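Visitor: I would like a close look at one part of this model, the strand at its beginning, and then at whatever can be followed outward from there. Please take your time over the answer.

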Amino acid sequence: VQLQASGGGLVQAGGSLKLSCTASGRVLTIHVYEWHRQAPGKQREFLAGVNNSGQRTYGDSAKGRFTISRDNNYAASLQMGSLKPEDTAVYYCKVQHGRHVYWGQGTQVTVSS
């Protein structure tokens, strides 16, 4: 399974971005899509997850500002709003596929003040 994360970029504080994660390869059932991020000098942080029943969970940094969606078995997205400079980080998509976990390569999000 290969994951492609896209949609990152430079945005002003208060703006919005939508990240997308697309799975390809020998994809069967993806049980969970998650988004994480890692800022320079900080640990990787869980932002949001959605399982194949549509149940969503959010980390504290994402609650009220970010929304995770699952388009189908092969794609998910993260709609981010009210962005702050402290949201600047590399954003990663992660999936649980059977007994395996896969990470995407990350997409950079930079929020300017």
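In which sense do S1 and S3 pair, and over how many bridges?

Guide: This is a predicted model, in which local features need a pLDDT of at least 70 and side-chain atom pairs count only at pLDDT 80 or more, while totals for chains, interfaces and linings use all residues. Residues are numbered from 1 along each chain as its sequence is written, and side-chain values use heavy atoms, with hydrogens and water left out.

S1 and S3 pair in the antiparallel sense over 5 bridges, where pairing requires that DSSP find at least two bridges between two strands. Strands here are DSSP runs of E with at least two residues, and helices runs of H or I with at least four, numbered from the N terminus. Across this pairing, Gln4 stands opposite Thr22 in S3. S1 itself has two faces, a covered one with Leu3 and Ala5 and an uncovered one with Gln2, Gln4 and Ser6.

From Leu3 on the covered face, one can pass to a part that is remote in sequence: the C-alpha atoms of Leu3 and Gly104 are separated by 4.6 Å, although the two residues are 101 apart along the chain. Gly104 belongs to the loop between S10 and S11, and it is buried, with a relative accessible area of 9% (buried is under 20%, exposed over 50%, and partly exposed in between, for a 1.4 Å probe and protein chains only). Leaving aside neighbours within four places in sequence, Gly104 is in contact with Leu3, Tyr92 and Cys93, contact being heavy atoms within 4.5 Å.

Cys93 leads back to the partner strand of S1, since a disulfide joins Cys21 to Cys93 with an S to S distance of 1.9 Å; a disulfide is a pair of cysteine sulfur atoms within 2.5 Å. The two cysteines link distant parts of the chain, Cys21 lying in S3 (residues 17-24) and Cys93 in S9, 72 residues apart. The link is left-handed, with -80 degrees about the S-S bond. Cys21 counts as buried at 0% relative accessibility, and Cys93 is buried as well, at 1%. A search of the whole structure finds 1 disulfide.

Tyr92, another contact of Gly104, brings in the aromatic residues. A search of the whole structure finds 1 aromatic pair: the rings of Tyr92 and Trp103 have their centres 6.4 Å apart and their planes at 85 degrees, so the pair is edge-to-face. For this, rings of Phe, Tyr and Trp (its six-membered ring) pair if their centres lie within 6.5 Å, and planes under 30 degrees apart count as stacked, over 60 as edge-to-face and the rest as tilted. Because Tyr92 lies in S9 and Trp103 in S10 (residues 100-103), the pair ties together parts that are 11 residues apart in sequence. Tyr92 counts as buried at 14% relative accessibility, whereas Trp103 is partly exposed at 37%. The charged end of Arg44 sits over the ring of Tyr92, 3.8 Å from its centre, and also over the ring of Trp103, 4.6 Å from its centre (NZ of Lys or CZ of Arg must be within 6 Å of the ring centre and within 35 degrees of the ring normal).

A further route from S1 is the interior. The largest nonpolar core has 29 residues, and those with the most contacts inside it are Tyr33, Trp35, Leu47, Leu78, Met80 and Tyr91; such a core is a set of buried Ala, Val, Leu, Ile, Met, Phe, Trp, Tyr and Cys residues joined through side-chain atoms within 4.5 Å. S1 (2-6) is among the strands that each supply at least two residues of this core, as are S3, S5 and S9. Of the 7 residues of S5 (residues 45-51), 5 are buried, so this strand is largely enclosed by the rest of the structure. S5 pairs with S4 (residues 30-38) in the antiparallel sense over 6 bridges, with Trp35 opposite Ala48, and 3 bridges join S5 to S6 (residues 56-58), again antiparallel. Leu47, leaving aside its neighbours within four places in sequence, has contacts that include Trp35, Phe66, Leu78 and Tyr91.
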